[in-house]
Amino acid sequence: MAMRISRRLLFALAAMLLPVVCHAQPKCPWLNEATARGILGGSVTVTVHIDNRGGGACEFSSQQGAAVHQLRISVDLMTDIPKQFPSYLAQCPPTSAPLRSVGNEAVMCSIAGQGEQYIERVVSRVRNQAFVVNVSSKARDDPSMTQEMRHDQANLVAEQIAGILF
């Protein structure tokens with residue numbers, strides 16, 4: 001009898017503590033960590049902020065020596081596409097290259113961010129979901145993440161995001 005009570009008590013205690021022990025970091029709903037590692041060329045740290053409507057942002061960062069690479073994905077839900085989407089498109093210059101097969105109204109541009117950050121950006125939408133993909137490097141002439149590599153990786157990620165949101 002005492003053995004049954006002890007097992008029940010142990011089981012109940014384990015059931016109460018299991019959520020604390022198994023608490024995992026939030027996962028990005030649009031891209032997994034393994035894919036981000038492949039894109040950024042090394043181990044990554046992940047920051048995820050998702051709102052209760054399904055929008056939000058995921059940021060993956062990788063540092064290899066002095067080189068810092070980042071991949072940022074943001075997704076927002078729009079209630080009035082004709083009024084709201086132009087503000088997303090404005091994140092790239094009006095002469096930005098249009099992209100095919102990456103959602104609707106997709107464009108890609110190269111921009112210089114803050115603190116000597118060099119960014120390849122894709123802005124697009126799928127239905128009422130606007131999304132922005134940034135692939136960046138802290139060094140202009142980074143041989144491990146050239147502008148062409150950033151361009152190709154941003155395009156690849158944007159294609160995946162568009163497929164997931166579709």
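## Glu59 and Arg72

In this predicted model, Glu59 is partly exposed, with a relative accessible area of 26%. Its salt-bridge partner is Arg72. The closest N and O atoms of the two residues are 3.6 Å apart. Arg72 is also partly exposed, at a relative accessible area of 34%.

Glu59 belongs to strand β2 (residues 56-64). Arg72 belongs to strand β3 (residues 67-77). The bridge therefore ties together parts that are 13 residues apart in sequence.

## Arg125 and Glu105

A search of the whole structure gives three salt bridges. Another of them joins the side chains of Arg125 and Glu105, with 2.9 Å from N to O. This pair links distant parts of the chain, 20 residues apart. Arg125 sits in strand β6 (residues 118-126), and Glu105 sits in strand β5 (residues 104-112).

Is Arg125 buried or exposed? Its relative accessibility is 15%. The cut-off for buried is under 20%, so Arg125 counts as buried. Glu105 is partly exposed, with a relative accessible area of 45%.

## Arg37 and Glu33

Arg37 and Glu33 form a salt bridge as well. Here the closest N and O atoms are 3.9 Å apart. The cut-off for a salt bridge is within 4 Å, so this pair qualifies at 3.9 Å.

Both residues lie in helix α2 (residues 33-40). They are four residues apart, about one turn of the helix. Arg37 is partly exposed, with a relative accessible area of 37%. Glu33 is partly exposed too, at 33% relative accessibility.

## The aromatic pair

How many aromatic pairs does a search of the whole structure find? It finds one. The partners are Phe85 and Tyr88, and the pair is stacked. Their centres are 6.2 Å apart, with 25 degrees between the planes. Stacked requires planes under 30 degrees apart, so the angle of 25 degrees places Phe85 and Tyr88 in that class.

Phe85 and Tyr88 are three residues apart in helix α3 (residues 81-89). That spacing is about one helical turn. Phe85 is buried, and Tyr88 is buried as well.

## Charges over rings

Which residue lies over the face of Phe85? Arg125 does, at 6.0 Å from the ring centre. Arg125 thus takes part in two contacts described here: the salt bridge with Glu105 and the placement over Phe85. Phe85 in turn has Tyr88 as its aromatic partner.

A further arginine is placed over a ring. The charged end of Arg127 sits over Phe166, 4.9 Å from the centre of the ring.

## Overall architecture

The protein has four helices and seven strands. From the N terminus on, the order of elements is α-α-β-β-β-α-β-β-β-β-α. Helix α2 holds the Arg37 and Glu33 bridge, and helix α3 holds the Phe85 and Tyr88 pair. The bridge between Arg125 and Glu105 joins strands β6 and β5.

The protein has 166 residues, and buried residues make up 39% of them. Among contacts with a separation of 6 or more, 44% come from residues 24 or more positions apart. The protein exposes about 10100 Å². Carbon and sulfur atoms supply 57% of that area.

Methods: Residues are numbered from 1 along each chain as its sequence is written. This is a predicted model: local features need pLDDT of at least 70, side-chain atom pairs count only at pLDDT 80 or more; totals for chains, interfaces and linings use all residues. Side-chain values use heavy atoms; hydrogens and water are left out. Helices (H or I, at least four residues) and strands (E, at least two) are DSSP runs, numbered from the N terminus. Buried means under 20% relative accessible area, exposed over 50%, partly exposed in between (1.4 Å probe, protein chains only). Rings of Phe, Tyr and Trp (its six-membered ring) pair if their centres lie within 6.5 Å; planes under 30 degrees apart count as stacked, over 60 as edge-to-face and the rest as tilted. A charge sits over a ring if NZ of Lys or CZ of Arg is within 6 Å of the ring centre and within 35 degrees of the ring normal. Contact means heavy atoms within 4.5 Å. Accessible areas come from the Shrake-Rupley method with a 1.4 Å probe; for residues, only the protein chains shown count as cover.
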